[in-house]
Amino acid sequence: MTAATTLMHGTPGTTAEHELAQVQREHGRPLFALLLRLCDGDRQRAEDLVQETLVRAWQHPEALRTDAFDSIRPWLLTVGRRLAIDARRARQARPPEVGDAILENARVSADHAERSTAALDVRKAVKTLTPEHREVLVLVYFQGASVAEAAATLGIPAGTVKSRAYYALRALRRVLPGYATDLH
């Protein structure tokens with residue numbers, strides 16, 4: 001006598017495996033089709049839910065006895081649908097899983113040491129500029145002044161501010177070739 005036989009009928013003589021295999025043959029495809037739709041086309045998840053539904057049928061042998069109703073298919077589809085809903089809710093309740101593909105495409109941010117080193121390099125490079133270019137660069141790029149505000153502060157025309165900013169950045173690109181993409 002197997003444990004499955006005892007669980008299904010409580011008496012030896014019939015095998016639960018044969019009954020469950022028959023249920024799988026008769027109702028497996030429609031159950032899988034429903035679960036595949038509920039899982040948004042994820043075949044692996046749908047197959048797992050079909051298995052879980054069949055385990056529930058094995059755990060509830062009264063559902064396999066079709067004497068009480070015409071077919072066990074509605075019971076199987078209801079159990080499968082409820083399992084799919086529970087699985088979706090469980091996935092939404094926890095943070096999304098991160099796959100390797102996402103990590104490979106993620107932008108790597110510089111750590112504190114790299115940012116500090118870059119800041120020192122930029123400071124050293126800015127010191128190589130002429131005082132006129134440095135003034136414009138500090139006002140426009142580091143203090144966030146507009147061209148008009150920088151022109152008013154320095155007492156020079158706006159066109160001169162633009163020209164000095166252009167040439168200051170160009171000089172920095174030559175001094176900082178590794179940082180050239182950041183200086184646009």
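User: What makes the pairing of Asp 42 and Arg 45 a salt bridge?

Analyst: In this predicted model, the side chains of Asp 42 and Arg 45 meet at 3.3 Å, N to O; a salt bridge requires a side-chain nitrogen of Lys or Arg within 4 Å of a carboxyl oxygen of Asp or Glu, and the pair therefore counts as one.

User: Why is Asp 42 called partly exposed?

Analyst: Its relative accessibility is 28%, and because buried means under 20% and exposed means over 50%, with partly exposed in between, Asp 42 counts as partly exposed. Arg 45, at 28% relative accessibility, counts as partly exposed too.

User: How do you know whether Asp 40, which meets Arg 88 in a salt bridge, is buried or exposed?

Analyst: Asp 40 has a relative accessible area of 64%, and since the cut-off for exposed is over 50%, Asp 40 is exposed. Its partner Arg 88, at 30% relative accessibility, counts as partly exposed. The two side chains come to 3.1 Å, N to O, although the residues are 48 apart in the chain, with Arg 88 in helix H5 and Asp 40 in the loop between H2 and H3.

User: Why are helices H2 and H3 called oblique to each other?

Analyst: Their axes cross at roughly 140°; angles over 145 degrees count as roughly antiparallel and 65 to 115 as roughly perpendicular, and because the rest, apart from the roughly parallel angles under 35, count as oblique, H2 and H3 are oblique. Their crossing is right-handed.

Technical notes
Residues are numbered from 1 along each chain as its sequence is written. This is a predicted model: local features need pLDDT of at least 70, side-chain atom pairs count only at pLDDT 80 or more; totals for chains, interfaces and linings use all residues. Side-chain values use heavy atoms; hydrogens and water are left out. Axes are lines fitted to C-alpha atoms, for helices over the stretch in contact, and angles run from 0 to 180 degrees between N-to-C directions. Helices (H or I, at least four residues) and strands (E, at least two) are DSSP runs, numbered from the N terminus. A crossing is left-handed if the near helix is turned anticlockwise from the far one by less than a right angle, and right-handed if clockwise. Buried means under 20% relative accessible area, exposed over 50%, partly exposed in between (1.4 Å probe, protein chains only).
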